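This report goes through one molecular structure, shown below. Please keep it in view while reading.

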Amino acid sequence: MTSVGNLRRSVVQLYKELQFMGREYPAGADYFQTKCKAAFLKNKDETDPEKILMLIDRGRFVQKEIEALYGLRKYRAMKNRYYDQDEMDMQSKRIENFIKQL
């Protein structure tokens, strides 16, 4: 069983990490921070340790999804920087033709 102090520390740490990650959010830092704060305030009165652990796990999942979103954004930027759009269109047409042949 986890003590209340450890749970509180985990929640505060998760909140700080999400706020830090929200600086680069595509919809804007203010949008992300208000949504994040609202989500944490909605569950501020929760006292059941199992429910709190479940909410922390959900927050960690959201954190991983945001990391994946940032990785995808960086990949797309790199792809657009180094590949010609016409070349990408030709490759996508080849793939479509190949799929039609199957």
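Leaving aside its neighbours within four places in sequence, A29 is in contact with G22 and R23, where contact means heavy atoms within 4.5 Å. The model is a predicted one, in which local features need pLDDT of at least 70, side-chain atom pairs count only at pLDDT 80 or more, and totals for chains, interfaces and linings use all residues. Residues are numbered from 1 along each chain as its sequence is written, and side-chain values use heavy atoms, with hydrogens and water left out.

**A29 and Q19**

A29 has its place in helix α2. Helices here are DSSP runs (H or I, at least four residues), as strands are (E, at least two), and they are numbered from the N terminus. A29 counts as partly exposed because its relative accessibility is 26%. The classes are set by relative accessible area: buried is under 20%, exposed is over 50%, and partly exposed lies in between (1.4 Å probe, protein chains only).

Q19 is found in helix α1. The C-alpha atoms of Q19 and A29 are separated by 8.6 Å, and the two residues are 10 residues apart along the chain. Is Q19 buried or exposed? Q19 has a relative accessible area of 15%, so it is buried. Not counting residues up to four places away in sequence, Q19 touches Q33, C36 and K37.

**The nonpolar core**

A nonpolar core is a set of buried Ala, Val, Leu, Ile, Met, Phe, Trp, Tyr and Cys residues joined through side-chain atoms within 4.5 Å. Which residues make up the largest nonpolar core? This core has seven residues: L14, L18, M21, F32, C36, I66 and Y70. The elements that give two or more residues to this core are α1 (4-21), α2 (29-42) and α3 (49-82). With three residues, α1 gives the most to this core.

One core member, L18, can be followed through its contacts. Leaving out residues up to four places away in sequence, L18 touches F32, C36, F40, G59, Q63 and I66.

**Aromatic pairs**

The structure holds three aromatic pairs. Rings of Phe, Tyr and Trp (its six-membered ring) pair if their centres lie within 6.5 Å; planes under 30 degrees apart count as stacked, over 60 as edge-to-face and the rest as tilted. Two of the pairs are set out here.

| Pair | Centre to centre | Angle between planes | Class |
|---|---|---|---|
| Y15 and F40 | 4.9 Å | 75° | edge-to-face |
| Y25 and Y31 | 6.3 Å | 20° | stacked |

The pair of Y15 and F40 links distant parts of the chain: Y15 is in helix α1, F40 is in helix α2, and they are 25 residues apart. Y15 counts as partly exposed, at 26% relative accessibility. F40 also counts as partly exposed, at 23%.

For the stacked pair, Y25 has 25% relative accessibility and so counts as partly exposed. Y31 is partly exposed too, with a relative accessible area of 42%. Ring pairs link Y25, Y31 and F32 into a cluster; F32 is also one of the residues of the largest nonpolar core.

**The largest pocket**

Rolling a probe the size of a water molecule over the atoms shows where empty space is left. On a 1 Å grid over the protein atoms alone, a pocket is an open set of points where a 1.4 Å probe fits, with protein on both sides within 12 Å along at least five of seven lines; lining residues have an atom within 4 Å of a point. Grid points are joined across faces, edges and corners, and a volume is the space filled by probe spheres set on the points.

How much space lies in the largest pocket? The figure is about 980 Å³. This pocket is lined by 32 residues, of which V11, A39, F40, L41 and N43 lie nearest its centre. The lining divides into 21 nonpolar, three polar and eight charged residues. Ala, Val, Leu, Ile, Met, Phe, Trp, Tyr, Cys and Pro count as nonpolar, Asp, Glu, Lys and Arg as charged, and the others, Gly among them, as polar. At least two lining residues come from each of α1, α2 and α3, and α3 gives the most, with 10 residues.

V11 lies in helix α1. V11 counts as partly exposed because its relative accessibility is 27%. Leaving aside its neighbours within four places in sequence, V11 is in contact with F40, I52 and I56. V11 and I52 are 41 residues apart in sequence and 8.5 Å apart in space, C-alpha to C-alpha.
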